[in-house]
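Reader: I have just started learning to read protein models. Could you walk me through this one, step by step?

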Amino acid sequence: DSSVGGPMLWPSDEPWPVCTHPHKRSSGERIEDVRLKRRIRAEAWRRTPEPGAGPGPTDAERELLASLKRGRHAPWLANTDPIPLLAVAQLYRKDVPDLFGGPADCDLLQVFWCPFDAHGTGHQLSLHLHWRRSADVLEVLADQPEPVVVGAPGYVPDPCVLHPEQVVEHQYMDLLPDRLRRRMEKWEGPEDEREDEEVGYRSDLSIAPGWKVGGFASWHVTDPVPMDCECGQPMEPLLAVASYECDSSNGSWVPLEDQETLEGAIGATSVLVGRDGTLYVFVCPRDPGHPHRLSVQ
Ligand SMILES: [Zn+2]
Ligand SMILES: [Zn+2]
C-alpha cells in the first residue's frame, strides 16, 4: 500500500538502504522503547480513569516511562558501521495523482531516512529517495531491517495507510507578484488585529499543512530561499513530511471525515521534524538523477 512508515515493497534480493556516513550511532533511544512509550501513553490517555485517579498514566506506568532512557544502547556500533535506514513513506503514482518526477517508467517512490541528525556540517537530516518499477519486485523482503537505536524518536513513524485527497494550493504570500501580494495583505488586514477564526490567505487558503506531495512550500521560518539545482534549474517541492496535520490556525484544511476525531488525525504518524515543523523535499524537474535538497520550516 501507499503508506507512511512501511512496510516497503522491497525486493528480497536487494540490499536494504543503510547509512554509512561517519557519525555516532551507538547512543540514543532504543527503537522498541520509543514504540513502547507511545503505546503506554496512548492507552493511558484513552481509558476512563479509576475512581479517585486523574487521567493519564498510572504511577507504575510513569515509573516505567521514566526508566526508558537514552543511553549507549548499541556499544558495538562504530561511527561508520552501516545502520539500516528507516522507512518513511512509499507512494504509488496510481494512488497519488500529483506525484511527479522520477524516471518515467517508475511508478513507486520510496523514501527513507537515517534516524540521526548528524549529517553534513549543520547536523542535518539524511533522506534517501528510491524510484522503482513495482512490477519488477517478485518477492518482497519479509523481514525489513531497522536500526536498534535512534538519535531522535521523532524519526520513527507509526505506520499509516494513506488516503490522499487533491486540493488546490497557491503560492506562498511573500512570493506572489508585488501588486497581488499588496492586495492580499490589504484584504487580510494587519496580522495582530485578526482573529483565529477569520479566514486568512496564509493559513487557510494558500498552503495546506500536513503530509503532501507537490503544491507549494511554506517559508514562515526562514523566509524564502531560492532552491536551485546544481544544473541551474529551479527545484520543485516533491514531498512535505509534517509533524502535524494541522493546528488551531489552519484547521480549515482538515478533511471532513477527520473532523470528529481530530486529535487522532493531527499527529497520526508521530513524526517530528525540526521540533514541530515540516520538512520539504525539493527535486530537480529536469533530471530525477540530480540530488534533492531539503528545507525545514
Ligand atoms: Zn546517518
Ligand atoms: Zn537539475
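Author: Happily! Two strands pair if DSSP finds at least two bridges between them, and strands (E, at least two residues) are DSSP runs numbered from the N terminus. The model is predicted, so local features need pLDDT of at least 70 and side-chain atom pairs pLDDT 80 or more, while totals for chains, interfaces and linings use all residues. Residues are numbered from 1 along each chain as its sequence is written, chains are lettered from A and ligands numbered from 1 in the order written, and side-chain values use heavy atoms, without hydrogens and water.

Reader: Then let's start with a bridge: which residue is the bridge partner of V213 in β11?

Author: Look at β10 and strand β11 (residues 236–242), which pair in the antiparallel sense over two bridges. Within β11, V213 has as its bridge partner L239.

Reader: Which strands stand at the edges of that open sheet of four strands, each with a single partner strand?

Author: The sheet is antiparallel, and its order is β10-β11-β12-β13. A strand with a single partner has one side left without a neighbour in the sheet, so the edges here are β10 (212–213) and β13 (293–296).

Reader: There is another open sheet, of five strands; what is its order?

Author: Its pairing is antiparallel too. Six bridges join strand β5 (residues 86–92) to β6, and six join β6 to strand β7 (residues 127–132). The edges are β7 and β9 (160–161), so each of these has one side without a neighbour. Written out, the order is β7-β6-β5-β1-β9.

Reader: In β7, which residue is the bridge partner of V111?

Author: Follow the antiparallel pair β6 and β7. W113 stands opposite L127 there, and the bridge partner of V111 is L129.

Reader: How many residues of strand β6 are buried?

Author: Buried means under 20% relative accessible area, exposed over 50%, and partly exposed in between (1.4 Å probe, protein chains only). In general, side chains of a regular strand alternate between the two faces of the sheet. In β6 both faces are covered, with L108, Q110 and F112 on one side and L109, V111 and W113 on the other. Of the six residues in β6 (108–113), the number buried is six.

Reader: Which residues coordinate the zinc ion (ligand 1)?

Author: Donors are N, O and S atoms within 2.8 Å of the metal (3.2 Å for Na, K and Ca), and sites may look incomplete because water is not among the atoms. Along the chain the donors follow the spacing C-x3-H-x90-C-x4-H. C19 and H23 are both buried. At 2.1 to 2.3 Å, the coordinating residues are C19 (SG), H23 (NE2), C114 (SG) and H119 (NE2).

Reader: And which are the protein donors of the zinc ion (ligand 2)?

Author: These donor residues are spaced C-x1-C-x52-C-x5-H in sequence. Lying 2.0 to 2.3 Å from the ion, they are C229 (SG), C231 (SG), C284 (SG) and H290 (ND1).

Reader: Is H290 buried or partly exposed?

Author: Compare C284 with the cut-off first: at 4% relative accessibility, C284 counts as buried. H290 has 22% relative accessibility, so H290 counts as partly exposed.

Reader: Last one: how many Å separate the centres of domain 1 and domain 2?

Author: The bounds, from an automatic or database domain assignment, give domain 1 (1–28 + 70–164) and domain 2 (165–297). Their contact (heavy atoms within 4.5 Å) takes 25 residues from domain 1 and 22 residues from domain 2. Taken over C-alpha atoms, the separation of the centres is 23 Å.
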